[in-house]
Amino acid sequence: MEDSPKTDPTKAGKDQEQKAENAPKSGERPDQGKAPAPDHYRAEPQTKHEQHHITAPDTVNAKYLNPVLAQPPEALTGLRLEGQQRVAAGVTAVLKSMQFSWAEGGVGRGTKALLGLNQKDGFDCSSCAWPDPDEHRSVAEFCENGAKATASDADDKAAGPEFFARHSLAELSRMTDRDQNNAGRLTHPMVKRPGDNHYSPIAWPAAFQIIADELNACDSPDEAVFYTSGKVPNEPAFLFQLFVRQFGTNNLPDCSNMCHESSGSGLSPTLGLGKGSVTLNDIHEAEVILVIGQNPGTNHPRMLSALQKAKRNGAKIISVNPLIEAGLNHFKNPQDFMNPLRALGALMGDGTQITDLFLQVRVDGDMALLRGIMKHLFEAEDRNPGKVVDRAFVAEYTTGFESFEQNIRTTSWEDIETISGISRAQLLEAANMLATKQKIITCWAMGVTQQRQGVQTVQEIVNLQLMKGAIGKPGAGTCPVRGHSNVQGDRTMGIWERVPKGFREALEKEFHFTTPTEDGYDVVEAIKAMHLGKTKVYFGLGGNLLAAGPDTEIIADGMRKQNLTVYVGTKLNRGHLVTGKTSLLLPCFTHVDIDMQKSGQQMTSCENSMGVVSQNKGILVPLEGEMLSEVAIICGMAIATLGDRTKTDWVAMTENYDVIRDHISRVIPGFEKFNEKLRRPGGFYLPNGPRERKFTTPNGKANFTTTTLDNYTIEPDQLIMMTVRSHDQFNTTIYEYNDRYRGIQGERRVLFMNVQDMATRGIKAKDLIDITSHFEGQERTVEKFVAVPYDIPKGNVSAYFPEANPLVPITSVAKVSNTPTSKYVVVTVVPTRAVDSTKEYLEARVAAQETA
C-alpha cells in the first residue's frame, strides 16, 4: 500500500486553520473528553408495539370527502422543460439568493439577515446542518438555499388575525404549499374551536390553559404525542423532552425517525456512536471521497465548497446516485468571484469537476454496489497480501472480520450486478481508486437511509471503512450528512422515544422526578396510534408532519381524530390546516429574530453534522405581533400543565437561557462548562470516540457486520419509485415551483421516467399520468402527474415529496430503524383516468367507492 501523502502546509486543512479551542487538528487527535457524546440512537430493533392492520386510505376520493385538503391541490401550474444542467451554483445562484432575500424581507432587512448568517457572532442557518469553517469565514458564508430559508424567516409580511378571518381552513388548503409559505409570518396565537372553520385570535394564557386541560384530561400520558422538527435549537429541545417526561411519557417522535435513524441504527452497534466521525478539515484532506445517495447541490450546497477544496488538494470523488445531479457534476464557487485569480474561470468555464467516477446505481442497489467494491478489494488483497486491507488496524481495533470477509467473497457477481445495475468493470474502477489509499471518507444521506435495507447499507459502509483502516485518522471516516439545522442536536438533547439509562438517571438527579421507562412512539408508531384512535392530543414543535411523513391521508385521518392539535410554527403550512376538534396555532421566533427576555437578549445553540455546537443569536427585530420564543412557549405550557407536580423553575429558564445550559451541563456528557464554551468564537466540538479510535461498543471494539443481501422481485409492469426534493424546496417548505438543475420550471406534479419505460407504456413527454403504489396487496393512487423523460435507470422513477407521499405505505419501513421507505416504493404508471368532472359525476364516484 502506498503511503498517504503528507499534509501540505499550503493546503486547506493545515493546523493553523483550526484554531477554535478543542477543535481536532490535522495530524493530531487530542482527547475530546472521557465520555462519548450521547447520541441516543437505537442499536437494536425497536420494541414492538401492539400490531394492528392498517387499511390503505382512499387517496383518490379523499379530496371529495374532506373539505380541508391534506394533499396538495392537483391543479397544474404550467410545466416548462428547459434541459438538465451540468453545473451547480455560479452567478445564477448568487442572483437567485439576492432576488429571494430582497423580495421576502426587503433590501435592508434581507441584506442584514444574510450578513449575519452563519457568522460567529450571528445566527445559525435554519436549513441544512453542514458545518461552518472553524477559523476564517467569508462575509457571505451561505448558499442559495440557506439564503432562501433565511429570507423566508426574515419575511416582513404578516399572516395575522385578519388573514385568517378572510380565509377558512378549506380555502387555505386549496392554496399551493408555496403560496401558504409565502403568505407571511405568523404573528398571533390562534384557535380553531369545535365546529369552527376559521382560526381566530386567542390570548396566550388561554391557549396554555387549553393545552393543560386537554393533556390532564388524558386517561394516560401516553395518549399524547409530542413531535419535534430538526429546526428546534438545543435549549428548547432540552426543555421539551424535560416537560414531556415530567408529564409522564416518552412519546417523542421527531423528524430524525424519518431521515437518519437508519444511520444511527447502523453506526451505534458498529462504532459506538450514532454520529459521523469526521471534521470539515478531514474532508479537505481526504484522498478518496464516496458520496452515496446524496444530492449536495440542492440539499447541502455548502458541501460543494468542501469537495472543491478536496479536489484542489488532489482528492478523487466517486458519486453513487440514480440521478446524475448537477452538484455531483461541476461546481462554480460563488466565492471565487471575489478572488481576482479565479474570477474569470468562475465566470467563463464550467468550474470544478466534482465527480471522477459516477456510478448510476439502481434505486435500492447501494448495498450490492458496496459489496461489489469490497469483493474487488479482497481479490486485490489476494494478489498483493497486506497492501489493500489494513490488517494491523483490523487486528487491533475490530471484531467480526472473518465472517464479514466470507460473506463478501461468497456474494455472486450476478447478484451484485443485477441488484446494483452496475457492471463488474465499473466496480473494479471504483475499487482501484480505493485500493492503495488510506484517507477515505464516505458521505451519505437519505438516498441510503430510506431504503428497505438502509441500516444494513450503512453497516456495509462501515465495513468498507474498517477494512481500509480508514477511521480515526486525519482525512478518513464516516460522514452521514444531516438534513435539518439541529436534527442531530435535538437527539443529543434527549428528543427520542427511548430514554437511555445514563440519561434517565442524570435527568432524575438534576430535576428530582421519576422518568417514564417504557419506550414511546416513534413517527411511524405515532401515526398508527393516532389513526387507530389511541391518542387524544398531538403537539408539534415546528415541522410539518403531514407533509413530511408517509401515507398522507393516514396522517390526516389521525389528526382529525385528536381532541386537540397544537402547532408551533413561524409560517403557515398545510399541516396547520388538518386539525383535531380543537386546534391551536402558536407563533414563535425564528433563528434570525432577536429574542429579548428579562435578563436581556438571549442566544440558543445548534449542533452541526460534525458535532460542533455553536451559538445562534438573532439580529432582526421581530415583526409586530405576539410571537413568543420556543422556550417561553414550552415553559408556559409546562407551568399550566404540571402545576404543583413539577419542582422545576420554568420561570427562571424563560428569563435567562443560561439557566437551561447550566442544567444541560450537568445532565449531558460533553457539555461541561456549556455557557463558557458556547461563548468561544466558533463554539466547541463534542467528544467523539470513533474520531479517536475509541469505540464505545459493549465489547470496546469496532464491529464488522455480516449482513444479508435481499433481492426482491416485482411484476413486469411495476417500477421502483423514490421521492426527492426540488431545488426550490427545503424539506417540506416550498419556495417556488421550479427545479432549475433538473430543467423543471413551473411545476411540481412531475414523474421522472426512463424513456424506454415511457415507450413501453405508451406515454409521451408531458402526458398526464396516474401513479399507483403496491404494498402487501394494497393500492394507493395519486392522479394528474406529468411524465418527464429523464436520465434515470430503467425500471426506476422519481417524484417530489410531499406530492408523492400519499403513495408511501405507513407499514413499509426499513429493517431495525423503522424509517419509512421513501426510496423504495413499488408503483405502476398509466395515462391519467382523471377528468374535469361535474359535481354529479364526483358525487356518483364517491358513492360507488363507498358501495365497493
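**View 1. The second largest cavity in this predicted model has a volume of about 330 Å³.** The structure holds eleven cavities of 30 Å³ or more. For this one, 30 residues make up the lining, and those closest to its centre are Gly-293, Asn-299, Gly-447, Val-724 and Lys-823. Helix 11 (296-299), helix 19 (446-449) and strand 25 (719-724) are the elements that each give two or more residues to the lining. Strand 25 chips in the most, with three residues.

**View 2. Asp-366 is a buried acid without a salt bridge.** Look for Asp-366 in helix 14, which covers residues 366-383. Arg-452 has the nearest side chain of opposite charge, and it sits 9.6 Å away. What Asp-366 does have is a polar contact of 2.4 Å, side chain to side chain, with Gln-451. Leaving aside residues up to four places away in sequence, Asp-366 touches Ile-292, Val-320, Val-361, Gly-447, Gln-451 and Thr-457. You've met Gly-447 already: it is among the lining residues closest to the centre of the second largest cavity.

**View 3. Helix 9 (residues 261-271) is tucked away inside the structure.** Ten of its eleven residues are buried, so the helix is largely enclosed by the rest of the structure. The buried set includes Glu-261, Leu-267, Thr-270 and Leu-271, plus a run of serines and glycines from Ser-262 to Gly-266. Among the elements covering these buried residues are strand 14 (440-444), helix 19, helix 20 (454-467) and strand 15 (477-480). Helix 21 (487-492) and strand 24 (702-703) help with the cover too. Just past the end of helix 9, Gly-272 takes a positive phi of about 90°.

How values were computed: Residues numbered from 1 in each chain as written. Predicted model: local features only at pLDDT ≥ 70, side-chain atom pairs only at ≥ 80, totals over all residues. Heavy atoms only, no water. Helix = DSSP H or I, 4+ residues; strand = E, 2+ residues; numbered from the N terminus. Buried < 20%, exposed > 50% of the residue type's maximum accessible area, 1.4 Å probe, protein only. Lys, Arg positive; Asp, Glu negative; His and termini not counted. Salt bridge = Lys/Arg side-chain N within 4 Å of Asp/Glu carboxyl O. Polar contact = N/O pair within 3.5 Å; in protein donor to acceptor, adjacent residues only side chain to side chain. Contact = heavy atoms within 4.5 Å. 1 Å grid on protein atoms, 1.4 Å probe; cavity = no way out; pocket = protein on both sides within 12 Å on 5 of 7 lines; lining within 4 Å. Points joined across faces, edges and corners; volume = space filled by probe spheres on them.
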